[in-house]
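Student: Let's go through this one together. I'll throw short questions at you.

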Amino acid sequence: MNQNTDLLTLRSVSKSYGTVPVLHDIDLSIKDGEFLTVLGPSGSGKTTVLRLIGGLEPLTSGEIRLDGQDISRMPINRRPFNTVFQDYALFPHLTVSGNVGYGLSVRHVQRKEIARRVAEALELVQLGRFADRFPAQLSGGQRQRVALARALICQPRLILLDEPLAALDLELRRQMQVFLKSIQREIRTTFLFVTHDQEEAIGMADRICVMEAGHIRQLGTPHDLYYRPNCEFVARFFGENNLVAGKLGPVQGELRSIETALGRLICSISDQPHLKAAAEGASAYAAFRPEALHLADAKDTDNRFSGTISDLAFAGSSTVATIAAGPDNAAQRLRLRVPSRVDGSALRSGEAVSLSFAPHEGHLVLA
Amino acid sequence: MSALPRLSTIFLAAITTLVAVLLYSPLFVPIVSSFFTISHGSVDWSSPTLSTYVALAENHDMLVALRTTLIVGVCTVILSVVSGTLLALYYHGRRSGRSLLQFIIFLPFLMPPIISGLALLIFFREIGLERSLLTVVIGHTVFVLAIVYRTVLMRLQSMSRTLVEASYDLGATGWQTFWRIILPNLSSAMVGGAILAFALSFDETMITILVTGTQSTLPVRLWAMMRLGFSPDINALVALILMFTVLLCVLAARFLIPRQVATERT
C-alpha cells in the first residue's frame with residue numbers, strides 16, 4: 001500500500017437525471033489506503049459520486065479509472081468495491097452470519113472457508129456473539145457493524161460508506177467514528193466516506209473533498225480546509241468563521257492587507273499563490289476563527305478594532321460572544337470564543353471592547 | 001379523545017353494540033342451531049346433539065362436492081400465485097402500462113360476479129372450451145388474481161430498494177439476487193395471498209354456477225340444497241364453512257402483517 005499511488009481516478013465525470021444536472025465535470029483522485037471524506041450539504045451531489053463509483057448509477061459522461069483502467073462500464077457486481085448503505089440494507093431474512101457471508105457464498109466459496117472468514121470478520125467488528133441473530137434483533141450500532149463486516153469480508157479495494165452514521169445518536173456516532181478509523185487502519189483498505197457532518201469529516205478523514213451544487217470546491221487535509229479555505233463556501237461551511245468583506249490591498253511578503261469596514265486588516269497568504277496573484281482592489285473576505293479573536297492589549301497594533309458585546313452564550317468549555325463591530329458598531333457581527341471560567345466570564349453583555357487577531361491567524365478568501 | 005363527556009361515551013358505546021349485534025348475530029344463529037335437532041320446522045332447544053354433523057358426514061354428494069372444491073381451490077391458488085407474482089415483479093418500478101394492467105386485473109374482482117361469469121361463459125363457448133373443472137379454475141383465477149397481485153406488489157413496494165442494490169454490490173448476479181433476496185422476502189406475502197385466494201375460491205358461487213360442467217363445488221351444492229328445502233345438515237355445513245373461512249383469514253393476516261418493521265427504512 002503506497003499512499004501516493006492513485007487507486008481510483010474520476011476524470012471530468014458528469015451526471016444528469018433527465019435534464020437536471022447533478023454533477024459537473026468532477027475530477028478526483030483517491031489514493032491507495034487513504035480515508036477520503038466527501039463532505040457537502042444535502043443536494044451537493046456527494047452521494048451521487050459514491051453511487052457512480054459503486055456502479056449503482058451509470059455515468060452521463062467522463063470516465064472512472066481503477067489502477068489506470070477504465071471501469072466506467074463495468075457492471076456493479078464485478079467491481080471490487082463494497083458499499084455500506086445509509087439504511088444498512090441488511091437482508092432481513094438472513095442471520096448476521098448469513099448477511100456477512102453473502103458476498104462469499106454468491107461467489108461459491110466453500111462453506112468451511114465462509115464460516116472461517118465470517119467468524120473472523122465478526123470478531124473484527126466485535127460481534128462474535130451475535131452471529132445467529134436476525135437484523136431486527138440488533139441495535140442501530142450493531143446493524144451498522146454488520147453492514148461494515150459484510151462489506152469488508154470480500155476484501156474490496158475500496159469501501160464506500162454512504163452517511164452510515166446519520167441514523168445513530170451523538171454518543172454512538174462518536175464511538176463509531178473512532179471505531180471506523182481504527183478498522184480502516186487495521187485492514188489498510190481505502191475508505192470513501194460520504195457525510196454532511198463536518199465534525200465527522202474532521203475527526204476521521206486523511207483528506208476531505210468539499211462539494212457544493214455538483215462541484216468540488218476544495219480537496220485537502222482537514223487542517224488545510226480549516227485554516228486555508230479557498231472560497232467563501234468552504235470558509236463558511238467548514239467550522240465557525242468570521243468573514244469580513246473588503247477590497248484587497250498590496251502584498252507584503254507572506255502577508256496581504258485588505259480594506260474592510262473594520263479598517264485595514266492584515267492576513268496570511270502563505271502557500272496560497274492564487275491570493276498573491278489576485279489583483280489589487282479585488283473583492284475578498286478576511287476570515288478569522290472565533291478562537292483566533294481576542295481582547296486587544298497594548299502589544300496588538302495590527303488588526304485592531306472596537307465593538308460592543310451584544311450577546312454572551314455559555315457553551316461548556318468555552319463561551320461565545322457575539323460582537324457588533326465596524327462603523328457605529330453595527331456593520332459587522334463577529335463571534336469571539338474564549339475559554340469559560342468557573343467564576344463567570346470576564347466579558348459582560350453591552351460592554352464596549354477592543355479586539356484583535358494575529359495576522360498569521362487571519363486568512364483571505366476571494367469573493 | 002379523552003375529553004368526550006361521559007354521557008356521549010355511553011351513547012356511542014350503546015350504538016356500537018347495537019350495530020354489531022344487528023350485523024353479526026345472524027352469523028351465529030346457524031352455528032348455534034347446528035348443535036340441535038329440528039322438528040316440525042322449528043329448533044328443538046332441549047337436547048343438544050351432533051346428529052346434523054353425522055348426517056353431513058354421511059352425505060356422499062356433499063363429500064364429493066368438498067373434494068371438488070379443494071381441487072379447484074388448490075389449482076386456483078397455484079395458478080394465481082404464480083401469475084400474480086410474475087405480473088407484480090414485471091410491473092414493479094415500471095410506469096408505462098401499469099395503471100392499465102391494474103385496471104384490467106381488478107375489473108373481474110370489482111364487477112358483479114354474474115357479469116364476470118357471463119363474460120367468461122360466452123368466451124368459453126366462442127373458443128369451444130367445454131365447461132368443466134378447468135373452466136371453473138380459470139374463472140376463479142381471473143377472479144382472485146387481483147388479490148394476489150396486489151398483496152405481492154405491496155410487499156415489493158415496501159421492500160427497501162437498497163436490498164437489491166446491496167446484493168448486486170456484494171457480487172451477486174441477477175438470478176442469485178432473485179432467488180436469494182427477492183423471493184425469500186416475498187414468500188410471506190405469497191403465502192398470505194395464497195390463503196386469501198383459497199378462501200375466495202372456496203366460497204365463490206356465482207361464477208362457478210355459470211362456468212361449471214356437471215360437477216358442483218360445496219357452495220354450489222349448498223345452493224342446490226337450499227332450493228329443495230331447508231334440511232338440518234345445512235346448518236352444520238354453514239357452520240363449518242364459516243369456521244374454516246375465519247381460520248383462513250386469521251392465517252392470512254399472520255402472514256401479511258410484516259414481522260420486521262424495524263429493519264425496513266428508518
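Student: How much helix and strand is there over residues 8-238 of chain A?
Tutor: That stretch is 36% helix and 27% strand, with its end C-alpha atoms 26 Å apart. Helices (H or I, at least four residues) and strands (E, at least two) are DSSP runs, numbered from the N terminus.

Student: And what does UniProt call residues 8-238 of chain A?
Tutor: The unreviewed entry annotates them as "domain: ABC transporter". UniProt positions follow the numbering used here, feature names are shortened, and annotations may be inferred rather than shown by experiment.

Student: Any ground rules before I go on?
Tutor: This is a predicted model, where local features need pLDDT of at least 70 and side-chain atom pairs pLDDT 80 or more, while totals for chains, interfaces and linings use all residues. Residues count from 1 along each chain as written, chains are lettered from A and ligands numbered from 1 in written order, and side-chain values use heavy atoms, without hydrogens or water.

Student: Switching to chain B. Which parts does UniProt mark as transmembrane?
Tutor: The unreviewed entry puts "transmembrane region" on several stretches of chain B, including 136-156 and 177-200. In the model, 136-156 is 100% helix, with end C-alpha atoms 30 Å apart. Residues 177-200 are also 100% helix, and there the ends are 32 Å apart.

Student: How many helices and strands does chain B have?
Tutor: 11 helices and 2 strands. Along the sequence, one helix comes before the two strands, and helices follow.

Student: What's its radius of gyration?
Tutor: Chain B has 23 Å, whereas a compact globule of 266 residues would be near 18 Å. That's taken over C-alpha atoms, and the globule rule is 2.2 Å times the number of residues to the power 0.38. The C-alpha trace of chain B spans about 75 × 65 × 30 Å along its principal axes.

Student: OK, the interface. How many residues does each chain put in?
Tutor: 23 from chain B and 25 from chain A, contact meaning heavy atoms within 4.5 Å.

Student: How many salt bridges cross it?
Tutor: The rule finds 1 between chain B and chain A, a side-chain nitrogen of Lys or Arg within 4 Å of a carboxyl oxygen of Asp or Glu. B:E165 pairs with A:R51, their closest N and O atoms 2.6 Å apart.

Student: Which helices of chain B touch chain A with at least two residues?
Tutor: Helix 7 (161-169) and helix 8 (174-203). Helix 7 gives the largest share of that side, 8 residues.

Student: And how many salt bridges over all chains?
Tutor: 23. B:E165 is in helix 7 of chain B and A:R51 in helix 1 (residues 46-54) of chain A, so that pair joins two chains.
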